[in-house]
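Grab a pencil and open your viewer. Below is a set of short exercises, each with a solution to check yourself against.

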Amino acid sequence: MVYLEEWSVFMSSVQDMFFNKPNKTRYSVKYRGKDGKVRLKVTDDQECLQFMLHPSQDLEKLKTINAWFLSNMAGLTVDRNAV
Amino acid sequence: MVRLGPDRFIKRLSSLYEERKDDGTVWVTMKRVGEGKKQPKDSGCLIRATDGRKKISCLITSSYKSVDFEQQLNSLMGTHLFGIVSNQQVRKQPSSHKKKKTT
């Protein structure tokens with residue numbers, strides 16, 4: 001499992017994964033109360049993409065990815081540019 | 001796994017974060033459902049949350065206004081994950097200036 005360093009690379013990889021396998025891809029947010037770390041993970045059961053958020057800095061990134069997944073997963077069609 | 005409506009799901013998720021803020025872990029997972037061999041009655045985005053013991057879930061369909069749910073979810077995560085309060089009240093600090101006595 002790989003932790004990606006660049007947010008833009010992570011988002012484009014995530015979008016590619018979901019676009020290729022929209023029904024297999026799942027997105028999870030893991031919050032550990034002990035140290036407050038937030039980890040984003042997107043996987044299609046074959047490949048796994050992870051990104052670590054920094055506390056108090058990356059709320060906008062979390063909002064972006066939440067909005068993208070909610071609109072694409074709840075919608076009837078898959079839109080790469082949906083936000 | 002308890003299936004809840006969007007509003008109740010937000011409230012229960014907030015409780016999960018509160019209970020695990022000092023110790024423990026909370027996972028929130030989103031997955032698209034609706035196609036495949038098994039056809040569920042509803043299709044949309046299945047959101048699951050767990051702290052390892054309690055499990056809750058919610059289904060957001062295309063007919064539901066997901067914008068409201070998204071705003072509530074972002075506000076909730078901002079508060080519990082990043083410690084950001086949505087409406088912060090700025091308190092005025094009391095003045096520490098002392099009047100100088102002139103003689």
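The exercises go from the fold of one chain to the core, the interface and a few charged pairs, and the model they use is a predicted one.

**Exercise 1. Work out the order of helices and strands in chain A.**

Step 1: count the elements. Chain A has 2 helices and 4 strands.

Step 2: walk along from the N terminus. You should read off β-α-β-β-β-α.

Step 3: look at how contacts spread along the sequence. Take the contacts in chain A with a separation of 6 or more; 48% of them join residues 24 or more positions apart.

**Exercise 2. Describe how chain A divides between buried and accessible parts.**

Step 1: start with residues. Chain A has 83 of them, and 48% are buried. Buried here means under 20% relative accessible area.

Step 2: turn to the surface. Chain A exposes about 4300 Å². Carbon and sulfur atoms supply 48% of that area.

**Exercise 3. Find the largest nonpolar core and say which element of chain A gives the most to it.**

Step 1: recall the background. Nonpolar side chains tend to be buried together in soluble globular proteins.

Step 2: size up the core. The largest one holds 45 residues, and those with the most contacts inside it are A:Phe10, A:Leu40, A:Leu62, A:Phe69 and B:Leu13. Within chain A, helix 2 (residues 59–74) gives the most to this core, with 8 residues.

Step 3: zoom in on A:Leu40. Leaving out residues up to four places away in sequence, A:Leu40 touches a list of partners including A:Trp7, A:Phe10, A:Tyr27, A:Val29, A:Phe51, A:Leu62 and A:Ile65. Note that A:Phe10 and A:Leu62 also appear among the residues with the most contacts inside the core.

**Exercise 4. Characterise the interface between chain A and chain B.**

Step 1: count the residues. Chain A brings 36 residues to the contact and chain B brings 31 residues.

Step 2: get the area. About 2700 Å² is buried between the two chains, and carbon and sulfur atoms give 61% of it.

Step 3: check for charged and polar links. The rule finds 0 salt bridges across the interface of chain A and chain B. Polar contacts do turn up, with a count of 6 residue pairs at pLDDT 80 or more on both sides.

Step 4: map this onto the elements. Strand 2 (26–32), strand 3 (37–43) and helix 2 are the elements of chain A that give two or more residues to the side touching chain B. Helix 2 supplies the largest share of that side, 10 residues.

**Exercise 5. Analyse the pairing of A:Arg26 and A:Asp45.**

Step 1: place A:Arg26. This residue lies in strand 2 of chain A. Its contacts, again not counting residues up to four places away in sequence, are A:Lys41, A:Val42, A:Thr43, A:Asp45, B:Thr29, B:Met30 and B:Lys31.

Step 2: place A:Asp45. You'll find A:Asp45 in the loop between strand 3 and strand 4 (48–53) of chain A. Its phi is near 70°, a positive value in a residue other than glycine.

Step 3: apply the salt-bridge rule. Side chains of opposite charge can pair when their charged atoms come close. The cut-off is 4 Å from nitrogen to carboxyl oxygen, and the closest N and O atoms of A:Arg26 and A:Asp45 are 2.6 Å apart, a salt bridge. The pair links distant parts of the chain, 19 residues apart.

Step 4: check the surroundings. A:Arg26 is partly exposed at 28% relative accessibility, and A:Asp45 is partly exposed too, at 48%.

**Exercise 6. Are the partners of the salt bridge between B:Asp51 and B:Arg20 buried or exposed?**

Step 1: confirm the bridge. The side chains of B:Asp51 and B:Arg20 meet at 3.2 Å, N to O.

Step 2: locate the ends. B:Asp51 sits in the loop between strand 3 (44–50) and strand 4 (55–61) of chain B, while B:Arg20 sits in the loop between helix 1 (6–19) and strand 2 (25–33), 31 residues apart.

Step 3: read the accessibility. Both B:Asp51 and B:Arg20 are buried.

Step 4: set another pair beside this one. B:Glu18 and B:Lys21 form a salt bridge at 3.7 Å, with B:Glu18 partly exposed at 41% and B:Lys21 partly exposed at 44%. Over all chains, the whole structure has 8 salt bridges.

Definitions and conventions:
Residues numbered from 1 in each chain as written. Chains lettered and ligands numbered in written order. Heavy atoms only, no water. Buried < 20%, exposed > 50% of the residue type's maximum accessible area, 1.4 Å probe, protein only. Contact = heavy atoms within 4.5 Å. Areas by Shrake-Rupley, 256 points an atom, 1.4 Å probe, with all protein chains shown as cover. Core = buried A, V, L, I, M, F, W, Y, C linked by side-chain atoms within 4.5 Å. Buried area = accessible area lost by both parts, 1.4 Å probe. Polar contact = N/O pair within 3.5 Å; in protein donor to acceptor, adjacent residues only side chain to side chain.
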